[in-house]
Amino acid sequence: VGGGFAGLSAAVQLASKGFRVTLLERRKQLGGRAYSFTDRQTGDTVDNGQHLLMKCNLHTLEFLKQIGTSDRLHFQNQFSIEFRHPRLGRTHLSFPRLPSPLHILLGLMRFKPIALSDVPKFAGIVRNLAPLKTKGLSVKTWLERCGQTDRLRRSFWHPLSISALNQAPEDAPASHLARIFRDAFLRNLDGACLGYATVGLSGLYSDSASQFIKSHGGEVLLRCRVVHISEERERISIQLDSGEKLSVDACISSVPPTALVRLLPPSLSRLRRDLTSFCPSPILSVNLWFEHPVIESDFVGLLGGRMHWLFNKPNL
């Protein structure tokens with residue numbers, strides 16, 4: 001149930017193992033929160049939001065390889081981001097190819113928004129990456145306990161948290177950020193290298209994932225809205241808004257928690273209660289067309305403002 005990135009990756013994995021999969025999506029297109037469409041006025045392919053990958057996103061990369069689209073990604077050879085600061089102007093954050101964590105320390109020393117006196121404080125993070133040190137803490141609280149200065153937080157940790165977790169530091173779980181930091185910056189020098197799709201998001205994965213499922217004996221049903229999921233004689237009954245009922249061996253839901261809670265029966269009261277504790281963390285994307293180029297870089301990070309990233313779509 002649900003044809004977004006999670007639903008399609010689950011369906012592809014099951015289909016590859018010989019299961020007969022039926023994927024149900026209420027919209028007329030697949031992709032969920034990551035899809036592309038054609039702008040009628042310009043004919044341009046427009047993503048509903050820009051999505052970046054890191055080389056440490058191994059499961060995502062394996063999924064794209066499985067459906068045959070990994071060649072539609074472009075990755076940096078070395079982690080590097082151009083930032084713009086309202087007071088400091090243009091600055092770069094890049095990490096040289098040195099043993100970890102020396103590469104991070106040297107990169108931060110060269111990063112203008114951070115003072116040299118801030119850099120030694122970074123050691124507090126390395127000492128507190130263990131799960132027991134992050135359990136139950138928000139990113140904000142964890143960074144404070146690790147002695148991270150205000151400049152370190154605002155110029156490095158907060159942009160990383162917002163980009164990788166899609167949540168503000170006050171809400172994001174520290175355990176998630178610690179895991180991403182280990183995978184991206186400590187375990188592999190290339191783990192943090194950023195990548196982006198060279199095609200529209202639908203061309204990156206949803207079209208090919210759908211073809212993969214169908215070629216392995218499954219089916220993909222669009223404009224097919226689920227209204228109720230329940231147990232029935234040791235099977236799962238899925239009620240559709242058309243009045244049709246599907247009887248299946250198992251059901252995976254990849255719809256948002258707030259949507260899933262409306263589909264479940266009253267007997268699953270504990271699960272329903274747990275699902276209501278999730279809060280959406282929306283992302284706002286704005287597409288602008290200019291007569292002439294306004295930036296040279298592929299993308300730019302914005303510090304000290306309300307918007308976080310600027311992407312040069314013709315370059316991408």
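**Aromatic rings**

I started with two phenylalanines, and Phe 122 and Phe 156 are both buried. This is a predicted model, which I keep in mind throughout. For Phe 156 I read 5% relative accessibility, under the 20% limit, so the buried label follows.

Next I looked at how the two rings sit. Phe 122 and Phe 156 have ring centres 6.2 Å apart and planes at 65°, so I noted the pair as edge-to-face. The contact joins distant parts of the chain, as the two residues are 34 residues apart. I placed Phe 122 in the loop between α3 (102–109) and α4 (123–126), and Phe 156 in helix α7 (residues 150–165).

Phe 156 also pairs with Trp 157: centres are 4.9 Å apart and planes stand at 80°, so this one is edge-to-face too. Trp 157 has 0% relative accessibility and therefore counts as buried.

I then followed the ring pairs outward. They link Phe 79, Phe 95, Phe 122, Trp 142, Phe 156, Trp 157, Phe 181 and Phe 185 into a cluster. The whole structure holds 20 aromatic pairs.

**Cavity**

I checked for enclosed space and got 1 cavity of 30 Å³ or more. The largest cavity has about 70 Å³ of space. Its lining includes Phe 79, Phe 95 and Phe 185, and these three phenylalanines also belong to the ring cluster. Among the other lining residues I wrote down Gln 78, Pro 96, Arg 97, His 103 and Asn 188. By class I have 7 nonpolar, 3 polar and 1 charged residues around the largest cavity.

**Sheet**

I went through the strands next. An open sheet is built from 3 strands in the order β4-β8-β5, with antiparallel pairing. The edges are β4 (53–54) and β5 (73–75); each has a single partner strand, so one side of each has no neighbour in the sheet. I looked closer at β4, which pairs with β8 (residues 194–197) over 2 bridges in the antiparallel sense. Leu 53 has Gly 195 in β8 as its bridge partner.

**Cysteines**

Last, I searched for disulfides and found 0. Why does Cys 56 not form a bond with the closest cysteine sulfur? That sulfur is in Cys 193, 9.8 Å away, which is too far for a bond; I would have needed the pair within 2.5 Å. I also looked up exposure. Cys 56 is at 17% relative accessibility and so counts as buried, while Cys 279 is exposed, with a relative accessible area of 66%.

Definitions and conventions:
Residues are numbered from 1 along each chain as its sequence is written. This is a predicted model: local features need pLDDT of at least 70, side-chain atom pairs count only at pLDDT 80 or more; totals for chains, interfaces and linings use all residues. Side-chain values use heavy atoms; hydrogens and water are left out. Buried means under 20% relative accessible area, exposed over 50%, partly exposed in between (1.4 Å probe, protein chains only). Two strands pair if DSSP finds at least two bridges between them. Helices (H or I, at least four residues) and strands (E, at least two) are DSSP runs, numbered from the N terminus. On a 1 Å grid over the protein atoms alone, a cavity is a set of points where a 1.4 Å probe fits but cannot get out, and a pocket is an open set with protein on both sides within 12 Å along at least five of seven lines; lining residues have an atom within 4 Å of a point. Grid points are joined across faces, edges and corners, and a volume is the space filled by probe spheres set on the points. Ala, Val, Leu, Ile, Met, Phe, Trp, Tyr, Cys and Pro count as nonpolar, Asp, Glu, Lys and Arg as charged, and the others, Gly among them, as polar. Rings of Phe, Tyr and Trp (its six-membered ring) pair if their centres lie within 6.5 Å; planes under 30 degrees apart count as stacked, over 60 as edge-to-face and the rest as tilted.
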